[in-house]
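I opened the notebook to go through the fold first, then the charges, then a few single positions. The entries follow in that order.

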Amino acid sequence: QALAAELSSLRARAEEAALGHEREARTLRDQATAAAKQRDGALREAEEARAQLRAGAEARAAARRELLEAQREARDSREGRDTERR
């Protein structure tokens, strides 16, 4: 009788432990899923930021080329006027 009661108690504790482990596993899976979504969002944001940086660098380079061209044209114009004065 005592042995049967102890066995029954052990089975109940084992079931409780198994249920607890299942709950913990489910919680951990949910946390892992949430972390993966967060990671994916952060990766998307990082890629968007890199794209914006590239676009900004390209725009800056284009503006610099335009400025250099305008400076060259202004210099050529000044040189042309100086040549005409002589």
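Entry 1, fold. I looked up the secondary structure of this predicted model and found one helix and zero strands in the protein. I then checked the spread of the chain: the radius of gyration is 37 Å, well over the 12 Å that the globule rule gives for 86 residues, so the protein is more spread out than a compact globule. I also took the box along the principal axes, and the C-alpha atoms fill roughly 125 × 10 × 5 Å. Helix α1 covers residues 2-85.

Entry 2, surface. How much of the protein is buried? I find that buried residues make up 1% of the 86 residues. I noted the accessible surface as about 7800 Å². Carbon and sulfur atoms account for 53% of that surface.

Entry 3, charges overall. I counted 19 positive and 18 negative side chains in the protein. The centres of the two sets lie 3 Å apart. As a reminder to myself, side chains of opposite charge can pair when their charged atoms come close. I therefore searched the whole structure for salt bridges, taking a side-chain nitrogen of Lys or Arg within 4 Å of a carboxyl oxygen of Asp or Glu as the criterion. The search finds five.

Entry 4, Arg39 and Asp40. I looked at arginine 39 and found a salt bridge to aspartate 40, with the closest N and O atoms 2.9 Å apart. Are these two residues buried or exposed? Arginine 39 has 49% relative accessibility, so I put it down as partly exposed. Since partly exposed ends at 50%, arginine 39 stays in that class. Aspartate 40 is partly exposed too, at 32%.

Entry 5, Glu47 and its partners. I recorded a salt bridge between glutamate 47 and arginine 50, where the closest N and O atoms are 3.1 Å apart. Both residues lie in helix α1, and three residues, about one turn of the helix, separate them. I have glutamate 47 as partly exposed at 36% relative accessibility, and arginine 50 as partly exposed at 41%. Which residues are linked in a network of salt bridges here? I traced the network through Glu47, Arg50 and Arg54.

Entry 6, Arg72 and Asp76. I found the side chains of arginine 72 and aspartate 76 meeting in a salt bridge at 2.6 Å, N to O. The two residues are four apart in helix α1, about one turn of the helix. Arginine 72 has a relative accessible area of 33% and is partly exposed. Aspartate 76, at 35%, is also partly exposed.

Entry 7, two alanines. I checked alanine 57, which lies in helix α1. Its relative accessible area is 32%, so I count alanine 57 as partly exposed. From alanine 57 to aspartate 76 I have 19 residues in sequence and 28 Å in space, C-alpha to C-alpha. Alanine 25 is in helix α1 as well. I note alanine 25 as partly exposed, with a relative accessible area of 29%. How far apart are the C-alpha atoms of alanine 25 and alanine 59? I get a separation of 50 Å, for 34 residues along the chain.

Entry 8, recap. I keep three items for later: one helix and zero strands, buried residues at 1%, and five salt bridges in the whole structure.

Conventions. Residues numbered from 1 in each chain as written. Predicted model: local features only at pLDDT ≥ 70, side-chain atom pairs only at ≥ 80, totals over all residues. Heavy atoms only, no water. Buried < 20%, exposed > 50% of the residue type's maximum accessible area, 1.4 Å probe, protein only. Rg over C-alpha atoms; globule rule 2.2 N^0.38 Å. Areas by Shrake-Rupley, 256 points an atom, 1.4 Å probe, with all protein chains shown as cover. Lys, Arg positive; Asp, Glu negative; His and termini not counted. Charge placed at Lys NZ, Arg CZ, Asp CG, Glu CD.
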